[in-house]
Amino acid sequence: MAASLSTLHLHHQLTFFRKPSLSLLNKSIRPTRITASLEFNITFAPPKPKPKLPANLQTDAASLSLPPGQLFIPWIVRGEDGNLKLQSNPPARLIHAIADAKTEPKKKKDKVKKESGGNVKAKQEVEPTRSKAARRFYNENFRDQAQRLSKVLAAAGVASRRSSEALIFEGKVTVNGSVCNTPQTRVDPGRDVIYVNGNRLPKKLPPKIYIALNKPKGYICSLGEKESKSVMCLLDDYFQSWDKRNPGLPKPRLFTVGRLDVATTGLIIVTNDGDFAQQIAHPSSNLSKEYIATVDGVVSKRHLFAISEGTVIEGVHCAPDSVELLPQQPDRPRPRLRIVVHEGRNHEVRELVKNAGLEIHSLKRVRIGGFRLPSDLGLGKHAELKQTDLKTLGWKC
């Protein structure tokens, strides 16, 4: 019995895994079609009714005729009969009230005295409170920015930039009560308290000075050598009248822009603006400088060609922009050369003339950039430069 059951069970398993017959595969499967239709009944809430104007206002609105494109501002006013009316113009009584309105009268001095405790000037001088954005805009555009300590000392006339740095390193400068040994420290003379060797630095720095000087022969442009006469001696009268022209301001420390050797005369710029001096004297400015060289002997084309070819100065080949032989004048028997250079190396013009086989009798500088030495400015005299003169030198104020 058990054997027959196991045989039947095995036959059932084989029947379960048997492949389907081809008759079943060949039968076509008919697709079913859904014939039921779905219908949706969707309704929306009715719009809210617009408020209706009164009957009298509806007639007034219909009677208004406005040109196309004009903005309509309705005015609802109450007429003399007590009813509301719609019109496109403001009521007449409102226009009359605005026209007859008067501004608030100014406060009298007696009232100001009571509020300020009797001090009218103190009340008037108090500045109104400004917003944070307004104060930031003022500080960034109008207020003097903080500068390096060494630069502030040099601008105040204490010493030169290098000497000011030496004073700082030696511990002779204090800022707000503490010794400062860093020349790069940012300070503001108007806010910070600065002492140098026990002397208080003034809050206000001297203004920027620009002077054109006609340097005579025998003067040097350096301030360190005491055995020679400096061009600053020619500005003694300028400093003597400084207090009258600029009361309350310290005297500036002036220096020359570039140098002229002791035997060269002519135009030299004197200033206390370090940024201006650096821009004018730097070779990248490409400012041309014109010299008049008076030479001994006879000048030929060979000499002019040799000068225009240039020469080597300090390992660099230097050539002038132009060379020209000026016409001879009755009162000046020696020939004169007009030489224009832009590099401005030490003794450049003298080396160019010497390399050509000529000897210079006198040398004078007559132009820097677009500024020419005034013809009425005598030797040893000076004149302050104007804004137009500074622009000709390429300086943007």
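**Close-up views of pockets and aromatic contacts**

**View 1. The second largest pocket of the predicted model encloses about 520 Å³ of space.** Its lining comprises 26 residues, and R259, Y291, G344, R345 and R365 are those nearest the centre of this pocket. At least two lining residues each come from helix 12, strand 12 (289–296), helix 14 (348–355) and strand 17 (359–368). Sorted by class, the lining of the second largest pocket has twelve nonpolar, six polar and eight charged residues.

**View 2. The largest pocket holds about 1,400 Å³ of space.** Of the 35 residues that line the largest pocket, R161, F255, N272, D273 and G274 are the closest to its centre. Helix 8 (149–155), helix 9 (161–169), strand 10 (255–257) and helix 12 (274–281) each contribute at least two residues to the lining of the largest pocket. Helix 12 provides the largest share of this lining, namely five residues. The lining of the largest pocket divides by class into twelve nonpolar, ten polar and 13 charged residues. Helix 12 thus appears in the lining of the largest pocket and also in that of the second largest pocket.

**View 3. Y210 and F276 form one of the three aromatic pairs in the structure.** The geometry of the Y210–F276 pair is edge-to-face, with 4.9 Å centre to centre and 80° between the planes. The two residues belong to distant parts of the chain: Y210 lies in strand 9 (residues 210–215) and F276 in helix 12, 66 residues apart. Y210 and F276 are both buried.

**View 4. Y238, F239 and W242 are joined into a cluster by ring pairs.** Within this cluster, Y238 and F239 form an edge-to-face aromatic pair, with a separation of 5.8 Å centre to centre and an angle of 80° between the planes. Both Y238 and F239 are buried. Y238 has a further contact, with a charged side chain: the charged end of R245 sits over the ring of Y238, 4.4 Å from the ring centre.

**View 5. The charged end of K229 sits over the ring of Y219.** The charged end of K229 is placed 4.6 Å from the centre of the Y219 ring. An arrangement of this kind is also found for R245, whose charged end sits over the ring of Y238.

Note on methods. Residues numbered from 1 in each chain as written. Predicted model: local features only at pLDDT ≥ 70, side-chain atom pairs only at ≥ 80, totals over all residues. Heavy atoms only, no water. 1 Å grid on protein atoms, 1.4 Å probe; cavity = no way out; pocket = protein on both sides within 12 Å on 5 of 7 lines; lining within 4 Å. Points joined across faces, edges and corners; volume = space filled by probe spheres on them. Helix = DSSP H or I, 4+ residues; strand = E, 2+ residues; numbered from the N terminus. Nonpolar A, V, L, I, M, F, W, Y, C, P; charged D, E, K, R; others polar. Phe/Tyr/Trp six-rings, centres within 6.5 Å; stacked < 30°, edge-to-face > 60°. Buried < 20%, exposed > 50% of the residue type's maximum accessible area, 1.4 Å probe, protein only. Lys NZ or Arg CZ within 6 Å of the ring centre and 35° of its normal.
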